[in-house]
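Biologist: Could you pick one part of this model and take me through it closely? I'd like to know how it fits with everything around it, so please start with the overall layout.

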Amino acid sequence: MDRYLSEDVPEGLTRRAQRFVVAHGIKIGVPPVGRLSKQWLALGVPSSEIDHVTEYQKHWGGLDLPPAPHYDGGPRCLDSDLPEGSPDEG
C-alpha cells in the first residue's frame, strides 16, 4: 500500500482533484485485465470493450479513495469489472 505522489496522479484531473489524490489516495495492487479477457470474449464481450477496460485499469485501477461525506460504505477502490451494455444498448 503506497501513497500517491504528484507524478503518479493520472492525467486529466483538475489541480484540486490532483491535490486530493496526493493527499488522500492510496495505491492498491490490482491484477491486470488480461487474465479475464479470454473469459469475456467467450461471453461475447467485444474486443474493443475489453481494450477499453484494459486502458481504464492501467489509468485508474488501484486508486483507493476515502468515502465521500454522504457515503458511509467505506473507501472506494477503482477497479475494472466485466463490461456490460447500457439499458439503451440491450
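**A close look at helix H3**

Modeller: Gladly! From the N terminus on, the elements of the protein chain follow the order β-α-β-α-α-β-β, which comes to 3 helices and 4 strands. Please keep in mind that this is a predicted model. The chain has 90 residues, of which 23% count as buried. If we take the contacts with a separation of 6 or more, 51% of them are between residues 24 or more positions apart.

Before we turn to the helix, here is the sheet. Its 4 strands are arranged in the order S1-S2-S3-S4, as an open sheet with antiparallel pairing. Strand S1 (2-3) and strand S4 (76-77) are at the edges, and each pairs on one side only. Further in, strand S2 (residues 26-27) and strand S3 (residues 63-65) run antiparallel and are joined by 2 bridges. One pairing to look for is that of Lys27 with Leu63, its bridge partner in S3. Helix H1 (residues 15-24) packs on this sheet and touches S1, S2 and S3, with its direction at about 85° to that of S3.

The edge strand S1 gives a nice example of links across the sequence. Asp2 lies in S1 and is in contact with Gly25, Ile26 and Lys27, leaving aside its neighbours within four places in sequence. The C-alpha atoms of Asp2 and Ile28 are separated by 7.3 Å, although the two residues are 26 residues apart along the chain. Asp2 counts as partly exposed because its relative accessible area is 48%.

Now for the part I picked, helix H3. It covers residues 47-60, 14 residues in total, and from first C-alpha to last it reaches 20 Å, close to the 20 Å expected at 1.5 Å a residue. Which residues of H3 are buried? They are Ile50, Val53, Gln57 and Trp60. These residues cover an arc of only 115° around the axis, so they sit on the same side of H3. The spacing rule behind such a pattern is a familiar one: an α-helix has 3.6 residues a turn, so residues three or four places apart point the same way. What does the buried side meet? The buried residues of H3 pack against helix H2 (37-42) and S3.

Let's zoom in on one of them. Gln57 lies in helix H3, and it counts as buried because its relative accessible area is 7%, where the cut-off is under 20%. Not counting residues up to four places away in sequence, Gln57 touches Val30, Pro31, Val33, Asp79 and Ser80. Gln57 and Asp81 are 24 residues apart in sequence, with a C-alpha to C-alpha separation of 9.4 Å.

We can also look back from the other side of that contact. Ser80 is placed in the segment after S4. At a relative accessible area of 18%, Ser80 is buried too. Apart from neighbours within four places in sequence, Ser80 is in contact with Val33, Val53, Tyr56 and Gln57. Val53 and Gln57 are both among the buried residues of H3.

The segment after S4 also holds Glu84. Is Glu84 buried or exposed? With 69% relative accessibility, Glu84 counts as exposed. The C-alpha atoms of Glu84 and Glu49 are separated by 8.9 Å, with their positions 35 residues apart along the chain.

Turning the helix around, the face of H3 away from its buried side carries the exposed residues His52 and Lys58. Lys58 has a relative accessible area of 63%, which means it counts as exposed. The side chain of Lys58 meets that of Glu55 in a salt bridge, at 3.7 Å from N to O. A search of the whole structure finds 1 salt bridge. Lys58 and Glu55 both belong to helix H3 and are 3 residues apart, about one turn of the helix. Glu55 has 49% relative accessibility and therefore counts as partly exposed.

Finally, look at how the chain leaves the helix. Just after H3 comes Gly62, which takes a positive phi of about 90°. Strand S3, which includes Leu63, is also one of the two elements that the buried residues of H3 pack against.

Technical notes: Residues are numbered from 1 along each chain as its sequence is written. This is a predicted model: local features need pLDDT of at least 70, side-chain atom pairs count only at pLDDT 80 or more; totals for chains, interfaces and linings use all residues. Side-chain values use heavy atoms; hydrogens and water are left out. Two strands pair if DSSP finds at least two bridges between them. Contact means heavy atoms within 4.5 Å. Axes are lines fitted to C-alpha atoms, for helices over the stretch in contact, and angles run from 0 to 180 degrees between N-to-C directions. The expected span of a helix is 1.5 Å times one less than its number of residues. Buried means under 20% relative accessible area, exposed over 50%, partly exposed in between (1.4 Å probe, protein chains only). The arc is that of the directions from the helix axis to the C-beta atoms. A salt bridge is a side-chain nitrogen of Lys or Arg within 4 Å of a carboxyl oxygen of Asp or Glu.
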